[in-house]
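Trainee: Could you show me how to read a structure, taking each kind of feature in turn and beginning with a general idea before the particular case?

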Amino acid sequence: IIPGGKIMMAYKKAMQLDEENEEYIADLRKFKAKHGHCDVPFLYPENKSLGHWVGKLRSMRVGTRKKGLLKYSPHQLTKERIAQLDKMGFNWRLISY
């Protein structure tokens with residue numbers, strides 16, 4: 001049994017993350033409108049956090065291990081989020097710039 005306070009904290013965190021994701025989706029749309037693609041470089045100088053978020057998405061999609069532990073699980077992305085990004089033309093392969 002999880003105390004009610006912890007459930008509420010988890011819910012608020014999930015809502016906050018969803019709001020952050022929606023902001024990044026909007027930023028990604030702006031990037032695509034400007035550049036014609038969704039391949040945001042990790043060190044994108046105009047919006048460094050967008051580049052980090054895109055890298056994190058790619059890592060989450062494939063699952064990334066750090067020191068033997070699963071850092072990002074493919075299950076962290078919903079099917080809806082994947083479909084939304086696919087529709088935008090998001091490139092899931094890891095890219096080096």
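Trainee: Is Arg81 buried or exposed?

Mentor: We call a residue buried when its relative accessible area is under 20%, exposed when over 50%, and partly exposed in between, with a 1.4 Å probe and only protein chains counted. Arg81 counts as buried, because its relative accessibility is 9%. Before going on, keep in mind that this is a predicted model, in which local features need pLDDT of at least 70 and side-chain atom pairs count only at pLDDT 80 or more, while totals for chains, interfaces and linings use all residues. Residues are numbered from 1 along each chain as its sequence is written, and side-chain values use heavy atoms, with hydrogens and water left out.

Trainee: What average pLDDT does the protein chain have, and which element has the lowest mean?

Mentor: pLDDT is the predictor's confidence in each residue, on a scale from 0 to 100. The protein chain averages 77, and 63% of the residues score at least 70. Among the elements, strand S2, residues 69-72, has the lowest mean at 54, whereas helix H3, residues 79-88, has the highest at 90.

Trainee: How many helices and strands are there, and in what order do they run?

Mentor: Helices (H or I, at least four residues) and strands (E, at least two) are runs in the DSSP assignment, numbered from the N terminus. The protein chain has 3 helices and 2 strands, and from the N terminus on the order is α-α-β-β-α. Of its 97 residues, 29% count as buried.

Trainee: Which residues of H3 are buried, and where do they lie around the axis?

Mentor: An α-helix has 3.6 residues a turn, so residues three or four places apart point the same way. In H3 the buried residues are Arg81, Ile82, Leu85 and Met88. They lie on the same side of H3, because they cover an arc of only 125° around the axis, the arc being that of the directions from the helix axis to the C-beta atoms. On the other side of H3, Lys79, Glu80 and Lys87 are exposed. Just after the helix, Gly89 takes a positive phi of about 90°.

Trainee: With which residue does Arg81 meet in a salt bridge?

Mentor: A salt bridge is a side-chain nitrogen of Lys or Arg within 4 Å of a carboxyl oxygen of Asp or Glu, and by this rule the count comes to 3. Arg81 meets Glu22, with 3.1 Å from N to O. Glu22 lies in helix H1 and Arg81 in helix H3, so this pair ties together parts that are 59 residues apart in sequence. Glu22, at 37% relative accessibility, counts as partly exposed.

Trainee: What are the closest N and O distances in the salt bridges of Lys34 with Glu46 and of Arg58 with Asp39?

Mentor: Between Lys34 and Glu46 the closest N and O atoms are 2.8 Å apart. This pair links distant parts of the chain, with Lys34 in helix H1 and Glu46 in the loop between H1 and H2, 12 residues apart. Lys34 is exposed, with a relative accessible area of 54%, and Glu46 is exposed too, with 54%. For Arg58 and Asp39 the distance is 3.7 Å, N to O. Here Arg58 is in helix H2 and Asp39 in the loop between H1 and H2, 19 residues apart; both residues are buried.

Trainee: Which residues does Asn91 touch, leaving aside those up to four places away in sequence?

Mentor: Contact means heavy atoms within 4.5 Å. Asn91, in the segment after H3, touches Asp39 and Arg58. Asn91 counts as buried, because its relative accessibility is 15%.

Trainee: How many aromatic pairs does the structure hold, and which of the words stacked or edge-to-face fits Tyr24 and Trp53?

Mentor: Rings of Phe, Tyr and Trp (its six-membered ring) pair if their centres lie within 6.5 Å; planes under 30 degrees apart count as stacked, over 60 as edge-to-face and the rest as tilted. The structure holds 3 aromatic pairs. Tyr24 and Trp53 are stacked, at 5.1 Å centre to centre and 15° between the planes. Tyr24 belongs to helix H1, residues 4-35, and Trp53 to helix H2, residues 48-62, so that the pair links parts of the chain 29 residues apart. Trp53 is buried, at 8%. The centres of Phe90 and Trp92 are 4.6 Å apart with the planes at 70°, so that pair is edge-to-face. Phe90, at 6% relative accessibility, counts as buried, and so does Trp92, at 14%.
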